[in-house]
Amino acid sequence: MSASGRLLFSIDAGGCLSGRLRVPGDKSISHRAVMLGALASGITRVSGFLEGEDSLATLRAFRLMGVDIEGPDNGRLRIQGAGMHGLRAPDRPLDLGNSGTSMRLLAGLMSGQNFTVTLTGDSSLLSRPMRRITEPLTRMGACIETGSDGTAPLRIVGCERLIGIDYLLPMASAQVKSCLLLAGLYAEGETCVSEPAPTRDHTERMLGGFGYPVRRDGNRICLTGRGVLTATDLDIPADISSAAFFLVGATIAEKSDLLLEHVGINPTRNGVINILRLMGADIEVLNARDAGGEQVADLRVRSAKLRGVRIPHDQVPLAIDEFPVLFIAAACAEGETVLTGAEELRVKESDRIQVMADGLLALGVDARPTADGMIIRGGPIKGGRIRSHGDHRIAMAFAIAALRAANPIVIEDCDNVNTSFPGFVNLAAAAGLAIRDYRVG
Ligand code: S3P
């Protein structure tokens with residue numbers, strides 16, 4: 001939070017979205033680009049890097065471990081790879097802010113180093129579950145001290161050696177999968193991770209791009225430790241999780257017609273398109289192409305009438321970060337939308353089931369939270385005041401709701417929008433959202 005007080009958004013009701021825009025780079029891919037570039041041999045040049053607080057936290061962590069990184073300059077980085085064993089002990093704890101991806105993926109990499117490091121973060125990150133990574137890492141031989149309830153700070157003590165394991169993930173989590181694969185780079189023998197449902201596969205793809213062999217057999221992903229990463233150039237697509245706010249906004253606001261450029265449409269991330277189409281959205285995928293091992297396309301979205309649906313279970317992990325704004329779509333749909341099987345939403349940057357239900361109720365929407373999802377009956381949206389609980393995606397989702405509200409919406413605690421979407425207010429305003437931000441307190 002800034003010294004000059006907390007950031008609020010105020011959005012006038014109504015309006016439509018039009019024109020063409022490119023949202024910032026993919027957050028998940030940006031983290032991984034820095035991590036693998038730092039450990040590679042040679043120079044990795046990155047374009048499209050997300051200059052948001054989360055990925056910058058990863059970048060700063062590697063600088064503190066002695067990696068020479070130039071930039072970011074307009075999304076460009078030049079990373080002088082330190083090699084697999086070239087990291088140095090940092091002289092202070094690594095503060096990862098709000099970023100779960102930094103914490104969980106770095107925990108895997110740090111388990112393979114021969115120095116001791118502490119990973120810490122803000123109050124949200126320090127309350128998120130970490131046993132899901134510390135248990136399997138400990139089985140691999142890592143030495144990790146946690147708080148009594150298994151939360152961070154994590155103190156990772158340089159250990160003798162790691163040994164590969166064959167692990168069945170208890171939940172569909174790309175962070176846990178990636179954490180173990182990254183630890184596996186340092187382990188003796190083979191590390192295999194089986195996932196209960198497909199999750200984002202950027203780690204596996206990018207390891208391949210750095211010349212590291214990864215084998216996939218159905219839902220099981222394996223690699224053999226102690227190989228090398230060879231530097232490469234990376235072009236990071238725009239983040240579909242950021243584009244999602246505009247996909248929903250242009251769908252629910254009458255007379256909208258918007259083109260979103262160069263969006264990553266990796267099939268393990270495209271649940272938001274599939275779910276919105278099921279609800280009746282008009283989204284065209286144009287000019288689909290490959291950008292450095294990731295699929296990208298321009299997305300044209302026009303206003304459409306939505307209907308409530310039962311969200312298919314197989315789409316849940318593929319849209320896991322998009323539910324805050326999908327709930328807004330559901331509030332604008334005719335009939336009932338039912339989400340189940342999404343208990344992971346309760347342990348994101350906030351409890352996204354409860355916080356979204358509270359906000360929707362405050363706006364007069366019939367929203368019933370359940371243990372693992374939500375039932376929403378579409379209807380009129382009043383204006384009102386929303387508490388985002390410092391969760392970036394909650395803040396942006398309710399900003400989009402204003403397009404269909406009867407009165408203005410004010411959203412509290414919006415500083416963390418910068419973690420994933422720097423420039424959101426300006427970009428959204430340029431597309432037609434009547435949004436402004438200001439500080440209080
Ligand atoms: C991410 C995986 C997801 C997602 C997060 C980014 C990643 O978390 O919610 O925003 O980059 O691997 P989980 O693995 O906890 O589902």
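This section describes strand β13, its pairing with neighbouring strands, and the cysteines of the structure. The model is predicted.

Strand β13 spans residues 190-194, and four of its five residues are buried, so the strand is largely enclosed by the rest of the structure. Two pairings involve this strand. With strand β11 (residues 166-168), β13 pairs in the parallel sense over three bridges; here Leu 168 stands opposite Ser 194. With strand β15 (residues 220-224), β13 pairs in the antiparallel sense, over five bridges. Among the residues so paired, Glu 190 has Thr 224 of β15 as its bridge partner.

The structure contains one disulfide, which links Cys 192 to Cys 222 with an S to S distance of 2.2 Å. The torsion about this S-S bond is about 115°, and the disulfide is therefore right-handed. Because Cys 192 belongs to strand β13 and Cys 222 to strand β15, the pair ties together parts that lie 30 residues apart in sequence. The antiparallel pairing of β13 with β15 is thus accompanied by a disulfide between Cys 192 and Cys 222. Both of these cysteines are buried.

Cys 16 and Cys 332 were also examined. The cysteine sulfur closest to that of Cys 16 is in Cys 332, at 15 Å, which is too far for a bond. Likewise, for the sulfur of Cys 332 the closest cysteine sulfur is that of Cys 16, at 15 Å, again too far for a bond. As to solvent exposure, Cys 16 has a relative accessibility of 27% and therefore counts as partly exposed, whereas Cys 332, at 9%, counts as buried.

How values were computed. Residues numbered from 1 in each chain as written. Predicted model: local features only at pLDDT ≥ 70, side-chain atom pairs only at ≥ 80, totals over all residues. Heavy atoms only, no water. Buried < 20%, exposed > 50% of the residue type's maximum accessible area, 1.4 Å probe, protein only. Pairing = 2+ DSSP bridges. Disulfide = S-S within 2.5 Å.
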